[in-house]
2 protein chains.
Amino acid sequence: MRVAVLGAGTVGREVVRALVERAPELTAADGAPLELVGIAVRDVARARAAGLPSALLTDAPAHLVASDDTDIIVELIGGDEPAHTLIVAALGAGKSVVTANKHVIAHHGPALEAAARRTGAALRFEASVGGGIPVLGPLATDLAANHILAVRGIVNGTTNYILSAMADEGRDYGDVLAAAQAAGYAEADPRGDVEGLDAVNKLVILARLAFGVWLDPSKVATIAMDGPGNGRPGITGIGSADVAAATAAGRVIKLIAEARRGPDGTLSASVLPTAVPADAALGRTSGVTNRIEIDAEPVGTVAFSGPGAGGPATSSAVLGDLIAISRELGSTWAGLPPAVAS
Amino acid sequence: MRVAVLGAGTVGREVVRALVERAPELTAADGAPLELVGIAVRDVARARAAGLPSALLTDAPAHLVASDDTDIIVELIGGDEPAHTLIVAALGAGKSVVTANKHVIAHHGPALEAAARRTGAALRFEASVGGGIPVLGPLATDLAANHILAVRGIVNGTTNYILSAMADEGRDYGDVLAAAQAAGYAEADPRGDVEGLDAVNKLVILARLAFGVWLDPSKVATIAMDGPGNGRPGITGIGSADVAAATAAGRVIKLIAEARRGPDGTLSASVLPTAVPADAALGRTSGVTNRIEIDAEPVGTVAFSGPGAGGPATSSAVLGDLIAISRELGSTWAGLPPAVAS
């Protein structure tokens, strides 16, 4: 299986390094060998200077997607375009795709699933939720016999870091955000994280595996009708008074993503700042750790936790998906019925 | 796929019920339908009175294994014999096997793996560790790109219940054990649990997936050289003084199963009562909840928690394995290299 990696950022560099240094090990006993044949980067000279293998570098990702010499495309550019078009082109050409791109999967899920089913290409995206934590695979495979009742968790490290710092150090939202930006924990434009949109994307992807439905990300509630948040999206309205009130009640404010199927079969989904008991497992989930809990019948409640971000952790999920494709395990949703749009 | 269930105890009854009531749902999109064709029980009259489907009942499990009308054998009898011989016979006949039997898998692993590889039959045993918690599947598949450094956890609910009650209520080991037996949380002969042998079996199975080695269960340490336990196996030597000393140090005694690969490549494995920080995740794991933590590169540390026992929870893992076999996903270790014996 000839692999092209598009994007050599934090995650891409780790994936490339593993494919270069550990390719024989990454071949499953019942899988086809993986061979890195191309790396698309924005700036070839810079990538070469950073030590990426010269002979494999190109600044033309579409050429790698269209080439007769590639079988699997690993999309690690992120964001909407050109990632979306490149993934569509690969699936359309019958090439399997591994991606960590939660935005593209959440916003174009129905069309991408249709494209993959049409051509028989596999689309895998374990890295799009929870970084290196296995959660989509277990939902689709190990827990396949269950009726899923609810999926909830802390799936965004930036907001969790900010909320933890506000609670632990008694600082204002604006102060902590500025410090997080300075330290590289929050982006210059932090809206995707702090307004809850990143968590919404991850919840939409979890719900696809849990409930067989592609939710419309724009319909997921991010503004609480009551509770902390002062009517503003995500954590942007959380003030010191909210934090103090939660602390006084033995609680801590976390940005909780939750999708739930009601007794009448309807799905509800939200990403809201929520005061949870400080000594509950979600309340104790701090920093960049993610935790995802699944309520299901017959299993009860199972939980998955670990590093929700970072190049090395996320590369574990990308490489696991590559191995799965080389074993012909199909798409992340393989085994489950085709999804319906909500 | 015609399925025979051997054993209709706590887990077997749940598996039968699901296969009777939910067979169409349990068919994966890319899998063959599952059909329940036989149930072996010790006492047919009693099973009939308990509402199990009359036409499927037999007291001759070996006949179901040998029959031309069965494709998959679900072994839920437990213990060594006759379960071991029935599993060997099924694999020898090329029939796939799903089992929750940690004793047989841990004690006969190398021979069973060889038999399954020889005939091409699948052997799956997710339910043998952690009840309904997905952990063997994620180790073998989602985390397949990692070097596993260590696996540790709380994998025995009976001892965890006893230790929790001793710590929370200040009661003696003997008192709590007797009460647990009266309440059905501990068996009449509790040695398998309290001496650590059940946890040893689960650790041996985890180590097969994590390290590619079948450890000899008799070589796993269950008596601490120092620390709590007074030189007796498992939790049998834990006294009130041990508990009080741990509490005074902000710790709590848990029976921790751990396998670890050292820097020189050697594996160590133990199941020992261990004073862990009371506010760490393992310290806060109480009652029948199990928690398994995996340290690996590149992912870091990921953890899996949930109900480690009980009929409904464990049936989730058995049914998930049945679905996996109907999807031709192979054995629990599929994708990994053949194991070596330690």
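User: Welcome me in with a count: how many salt bridges does a search of the whole structure find over all chains?

Analyst: Happy to! This is a predicted model, and the search runs over all chains of it. The number of salt bridges found is 36.

User: Which side chain meets A:Arg152 in a salt bridge?

Analyst: The N to O distance in this pair is 2.8 Å. One side chain sits in strand S7 (residues 147-154) of chain A and the other in strand S11 (residues 289-297) of chain A, so the bridge ties together parts that are 141 residues apart in sequence. The partner of A:Arg152 is A:Glu293.

User: Are A:Arg152 and A:Glu293 buried or exposed?

Analyst: Buried means under 20% relative accessible area. A:Arg152 has 16% relative accessibility, so it falls under that cut-off. A:Glu293 has 9% relative accessibility and therefore counts the same way. A:Arg152 is buried, and A:Glu293 is also buried.

User: What about A:Lys219, which forms a salt bridge with A:Asp216: is A:Lys219 buried or exposed?

Analyst: The N to O distance between A:Lys219 and A:Asp216 is 3.8 Å. A:Asp216, at 31% relative accessibility, counts as partly exposed. For A:Lys219 the value is 64%, and exposed means over 50%, so A:Lys219 counts as exposed.

User: In chain B, which residue forms a salt bridge with B:Glu113?

Analyst: The closest N and O atoms of the pair are 2.9 Å apart. The bridge links distant parts of the chain, helix H5 (residues 102-119) and helix H10 (residues 197-211) of chain B, with the two residues 95 apart. Both residues are buried. The partner of B:Glu113 is B:Arg208.

User: Which residues do salt bridges with shared partners join into one network?

Analyst: The network contains A:Arg152 and A:Glu293, the pair whose side chains meet at 2.8 Å. The full set is A:Arg152, A:Glu258, A:Arg260, A:Arg291, A:Glu293 and A:Asp295.

User: How are the two copies, chain A and chain B, related?

Analyst: Chain B can be laid on chain A with an RMSD of 0.0 Å, using a turn of 180° and a shift of 0.0 Å along the axis. The copies are thus related as by a two-fold rotation axis.

User: Which residue of chain B has the C-alpha nearest the axis?

Analyst: The distance from that C-alpha to the axis is 2.4 Å. The residue is B:Phe304.

User: How much area is buried between chain B and chain A?

Analyst: The contact takes 46 residues from chain B and 46 residues from chain A. Of the buried area, carbon and sulfur atoms give 54%. B:Asp142, B:Ala145 and B:Pro298 supply 17% of what chain B buries against chain A, more than any other three residues. The area buried between the chains is about 3300 Å².

User: How many residue pairs are in polar contact across the interface of chain B and chain A?

Analyst: Salt bridges do not contribute to this picture, as the rule finds zero of them across the interface. The side of chain B that touches chain A has 25 nonpolar, 12 polar and nine charged residues. The number of residue pairs in polar contact is 16.

User: Which strand of chain B holds B:Ala296?

Analyst: At 5% relative accessibility, B:Ala296 counts as buried. Leaving out residues up to four places away in sequence, B:Ala296 touches B:Asn146, B:His147, B:Ile148 and B:Leu149. B:Ala296 lies in strand S11.

Technical notes: Residues are numbered from 1 along each chain as its sequence is written. Chains are lettered from A and ligands numbered from 1 in the order in which they are written. This is a predicted model: local features need pLDDT of at least 70, side-chain atom pairs count only at pLDDT 80 or more; totals for chains, interfaces and linings use all residues. Side-chain values use heavy atoms; hydrogens and water are left out. Helices (H or I, at least four residues) and strands (E, at least two) are DSSP runs, numbered from the N terminus. Buried means under 20% relative accessible area, exposed over 50%, partly exposed in between (1.4 Å probe, protein chains only). Contact means heavy atoms within 4.5 Å. Copies are superposed by least squares on the C-alpha atoms of residues with pLDDT of at least 70 in both. Buried area is the accessible area (1.4 Å probe) that two parts lose on being put together, summed over both. A salt bridge is a side-chain nitrogen of Lys or Arg within 4 Å of a carboxyl oxygen of Asp or Glu. A polar contact is a pair of N or O atoms within 3.5 Å; within protein, one must be able to donate a hydrogen and the other to accept it, and residues adjacent in sequence count only if both atoms are side-chain atoms. Ala, Val, Leu, Ile, Met, Phe, Trp, Tyr, Cys and Pro count as nonpolar, Asp, Glu, Lys and Arg as charged, and the others, Gly among them, as polar.
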